[in-house]
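This report describes selected features of one protein model for a reader new to structural work. Please keep the structure in view while reading.

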Amino acid sequence: MSNETGGRAAYFVSDSTGITAETLGSALLANFPGVTFHRYTIPFIDTVDGARNVARNIREHVQAGRQPIAFTTIKSNDILNELRASGAFLIDLLSGHLTELEDALGTTASEQLGQYHGVGDIERYFARMRAVEYAIEHDDGQSMRALDIADVIIVAPSRCGKTPTTMYLALQYGLLVANYPLTDDDFPSDGLPSAVARYLDKCFGLTTTPLRLSQVRHERRPNSTYSSLAQCTLELRRAEDLYRRNRVPFLNSSTKSVEEMSAVIMQSMRLRS
């Protein structure tokens with residue numbers, strides 16, 4: 001256990017990768033922005049001995065007077081009982097819903113550990129992998145090849161969130177996403193850069209606030225023209241004017257997570273995974 005002060009420990013415990021527990025648990029915790037959480041993701045807890053080790057760490061928090069919250073996606077009752085005995089406030093993310101689904105389908109769930117984390121639809125899995133390869137090839141305008149098959153082309157000034165949004169859409173939804181940086185060379189043209197102009201109907205823009213952009217760029221190139229507030233203000237104003245002139249839908253990324261941005265893009269561009 002770390003020596004954190006204040007806040008509340010939040011454990012995400014799974015018999016597989018922990019991605020589901022962390023994603024669902026974090027979505028719930030996000031509703032309490034005033035509370036500080038110290039997060040521990042514990043994957044591959046598929047034995048009682050493994051659960052006892054986790055329970056031992058949890059008890060240290062309990063003894064310090066701070067009851068942890070433990071989100072789990074574990075199906076074994078023996079393992080869950082070890083965690084329940086730890087003193088954590090246990091939130092079983094499968095409980096209830098799994099039983100409801102069994103009733104709806106008229107069959108019982110598989111007892112295989114981590115079954116819901118498997119590859120599942122193999123075609124869907126390979127589609128996501130192809131999408132990731134496409135995103136890497138087309139990151140930051142590195143390649144103009146096969147833009148005609150892109151589902152969406154994200155355009156924005158440097159450091160507005162193009163790459164993480166591109167990768168999330170590819171990995172999570174299997175969408176073919178390219179992104180293209182708007183630079184000084186692309187202005188003062190009234191139209192989109194020639195490399196992407198013919199794919200106007202596929203384009204989606206990102207913007208942010210000048211202060212936020214300056215802060216992000218400063219981490220990369222401190223005390224440079226590139227990171228100056230004046231340069232960031234100029235680039236963002238030009239980009240937003242460009243979006244409006246060409247009727248390119250866009251959003252401000254400064255206060256949105258990559259998940260939220262991806263959802264807006266998919267809805268705006270009428271995309272489905």
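The following paragraphs treat a sheet, the helices beside it, and two loop residues.

**The sheet**

The model is a predicted one. Four of its strands form an open sheet in the order β6-β5-β7-β8, and their pairing is parallel. Strands β6 (177-182) and β8 stand at the edges, each with a single partner strand, so one side of each has no neighbour in the sheet. On average, neighbouring strands of this sheet are turned by 25° against each other, direction ignored.

In general terms, strands of a sheet pair through backbone hydrogen bonds, either parallel or antiparallel. Here, strand β5 (residues 152-157) is joined to β7 by three bridges, and the two run parallel. Strand β7 also pairs with strand β8 (residues 250-252), again in the parallel sense and over three bridges. The table lists bridge partners that involve β7.

| Residue of β7 | Bridge partner |
|---|---|
| Cys203 | Ile153 |
| Phe204 | Ile154 |
| Leu206 | Leu251 of β8 |

**The strand β7**

Is strand β7 (residues 203-207) mostly covered or mostly open? It is mostly covered, since five of its five residues are buried. In a regular strand the side chains alternate between the two faces of the sheet. On one side of β7 lie Cys203, Gly205 and Thr207, and on the other lie Phe204 and Leu206. Every one of these residues is buried, and both faces of β7 are thus covered.

**Helices beside the sheet**

Helix α9 packs on the sheet and touches β5, β6, β7 and β8. The direction of α9 makes about 145° with that of β5. Helix α10 (residues 258-268) lies across β5, β7 and β8, and runs at about 145° to β7.

How do the axes of α8 and α9 cross, and at what angle? The axes of helix α8 (residues 210-220) and helix α9 (residues 229-245) come within 8 Å and cross at roughly 125°. An angle over 115 but not over 145 degrees falls outside the parallel, antiparallel and perpendicular classes, and α8 and α9 are therefore oblique to each other. The crossing of α8 past α9 is right-handed. On the side of α8, the contact is made by Pro210, Leu211, Leu213, Ser214 and Arg217. On the side of α9, Leu229, Gln231, Cys232, Thr233, Glu235 and Leu236 take part. Sorted by class, this contact has six nonpolar, three polar and two charged residues.

**Two loop residues with positive phi**

Most residues other than glycine have a negative phi. Which residue in the loop between α8 and α9 has a positive value? Asn223 lies in that loop, and its phi is near 55° although the residue is not glycine. Asn223 is exposed, because its relative accessible area is 74% and the cut-off for exposed is over 50%.

Phe44 likewise has a positive phi, of about 60°, without being a glycine. Phe44 is found in the loop between β2 (37-42) and α2 (48-63). With 53% relative accessibility, Phe44 counts as exposed.

Note on methods:
Residues are numbered from 1 along each chain as its sequence is written. This is a predicted model: local features need pLDDT of at least 70, side-chain atom pairs count only at pLDDT 80 or more; totals for chains, interfaces and linings use all residues. Side-chain values use heavy atoms; hydrogens and water are left out. Buried means under 20% relative accessible area, exposed over 50%, partly exposed in between (1.4 Å probe, protein chains only). Two strands pair if DSSP finds at least two bridges between them. Axes are lines fitted to C-alpha atoms, for helices over the stretch in contact, and angles run from 0 to 180 degrees between N-to-C directions. Angles under 35 degrees count as roughly parallel, over 145 as roughly antiparallel, 65 to 115 as roughly perpendicular and the rest as oblique. A crossing is left-handed if the near helix is turned anticlockwise from the far one by less than a right angle, and right-handed if clockwise. Contact means heavy atoms within 4.5 Å. Ala, Val, Leu, Ile, Met, Phe, Trp, Tyr, Cys and Pro count as nonpolar, Asp, Glu, Lys and Arg as charged, and the others, Gly among them, as polar.
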